[in-house]
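Trainee: I am new to this structure. Please take me closely through one part of it, with its surroundings.

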Amino acid sequence: MFYTLILFTFMNMFQSPNEIFKFESGSSTKGWKIVDDRVMGGKSKGNFSVNSDGFGVFEGYVTTENNGGFSSLRYNFDGIKTSGFEFIVLKIKGDGKSYQFRLNNIDSQRHSYIYTFTTNGLDQEISIPLKDFYPSFRGFRLNIPNFDADQIEQIAFLIGNKTKELFSLKIKSITLK
């Protein structure tokens with residue numbers, strides 16, 4: 001039993017190969033970046049922190065003033081291979097609003113692959129087929145195939161529902177399945 005415990009502890013010291021990110025109490029927000037419509041003159045504002053329950057909390061407000069209307073939270077990382085996986089699984093708790101989850105297979109890519117989901121105010125586990133992420137650039141769907149790359153280097157959450165609203169999305173984990 002002692003050796004089993006040591007092996008289990010050793011194996012859990014390393015991130016699972018399918019885990020993109022998992023928040024825990026005391027997790028750092030290093031590497032996560034807010035990008036709001038302020039980059040183009042808008043007035044929306046998002047914030048990101050980790051709460052005492054171990055959720056990453058993306059919250060703020062979106063306004064359409066000055067032709068704005070979005071807030072996003074991005075995370076760049078060394079490429080994670082997607083071969084052998086079919087789904088992105090989000091463990092979240094939302095506020096009843098719709099959000100986009102976005103993928104980029106390389107972080108310098110100008111377009112994103114997008115999937116829109118709606119939260120229900122409760123803890124949710126949302127499984128999104130990788131093949132259902134469609135390509136988009138600045139709100140326009142592109143005439144190229146849906147996501148079919150062999151890696152991901154950037155993920156993002158975005159809220160932009162074309163209305164003035166407060167928002168709060170609690171994120172527990174993001175994994176490949």
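Mentor: What follows is a close look at strand 4 and its surroundings.

This is a predicted model, so local features need pLDDT of at least 70 and side-chain atom pairs count only at pLDDT 80 or more, while totals for chains, interfaces and linings use all residues. Residues are numbered from 1 along each chain as its sequence is written, and side-chain values use heavy atoms, with hydrogens and water left out.

Start with the strand itself. Strand 4 spans residues 56-62. Strands here are DSSP runs of E, at least two residues long, numbered from the N terminus. Five of the seven residues in strand 4 are buried, so the strand is mostly covered. Buried means under 20% relative accessible area, exposed means over 50%, and partly exposed is in between (1.4 Å probe, protein chains only).

Now its partners. Two strands pair if DSSP finds at least two bridges between them. Strand 3, residues 45-50, runs antiparallel to strand 4, and six bridges join them. Phenylalanine 58 of strand 4 is the bridge partner of phenylalanine 48. The two strands form a hairpin with five residues between them. Glycine 54 sits in that turn, with a positive phi of about 85°. Strand 13, residues 165-176, also runs antiparallel to strand 4, and seven bridges join this pair. Here tyrosine 61 has leucine 166 of strand 13 as its bridge partner.

Next, the loop that leads from strand 4 to strand 5. Asparagine 66 lies in this loop. Its phi is near 55°, a positive value in a residue other than glycine. Asparagine 66 counts as partly exposed because its relative accessibility is 48%. Asparagine 67 is found in the loop between strand 4 and strand 5 too. Its phi is also positive, near 65°. Asparagine 67 counts as exposed, because its relative accessibility is 68%.

Rings come next. Phenylalanine 48 belongs to an aromatic cluster with Phe21, Phe23, Trp32, Tyr75 and Phe77. Rings of Phe, Tyr and Trp (its six-membered ring) pair if their centres lie within 6.5 Å; planes under 30 degrees apart count as stacked, over 60 as edge-to-face and the rest as tilted. The structure holds 14 aromatic pairs. One of them joins phenylalanine 21 and tyrosine 75, edge-to-face, at 5.1 Å centre to centre and 80° between the planes. This pair links distant parts of the chain: phenylalanine 21 is in strand 1 and tyrosine 75 in strand 5, 54 residues apart. Phenylalanine 21 counts as buried because its relative accessibility is 14%. Tyrosine 75 is buried as well, because its relative accessible area is 13%.

One charge belongs in this picture. Lysine 172 lies over the face of phenylalanine 55, at 5.2 Å from the ring centre. A charge sits over a ring if NZ of Lys or CZ of Arg is within 6 Å of the ring centre and within 35 degrees of the ring normal.

Last, follow strand 5 to a pocket. Strand 5, residues 71-81, is among the strands that each supply at least two residues to the lining of the largest pocket. By class, that lining has 10 nonpolar, 14 polar and seven charged residues. Ala, Val, Leu, Ile, Met, Phe, Trp, Tyr, Cys and Pro count as nonpolar, Asp, Glu, Lys and Arg as charged, and the others, Gly among them, as polar. On a 1 Å grid over the protein atoms alone, a pocket is an open set of points where a 1.4 Å probe fits, with protein on both sides within 12 Å along at least five of seven lines; lining residues have an atom within 4 Å of a point.

Terms used. Helices (H or I, at least four residues) and strands (E, at least two) are DSSP runs, numbered from the N terminus.
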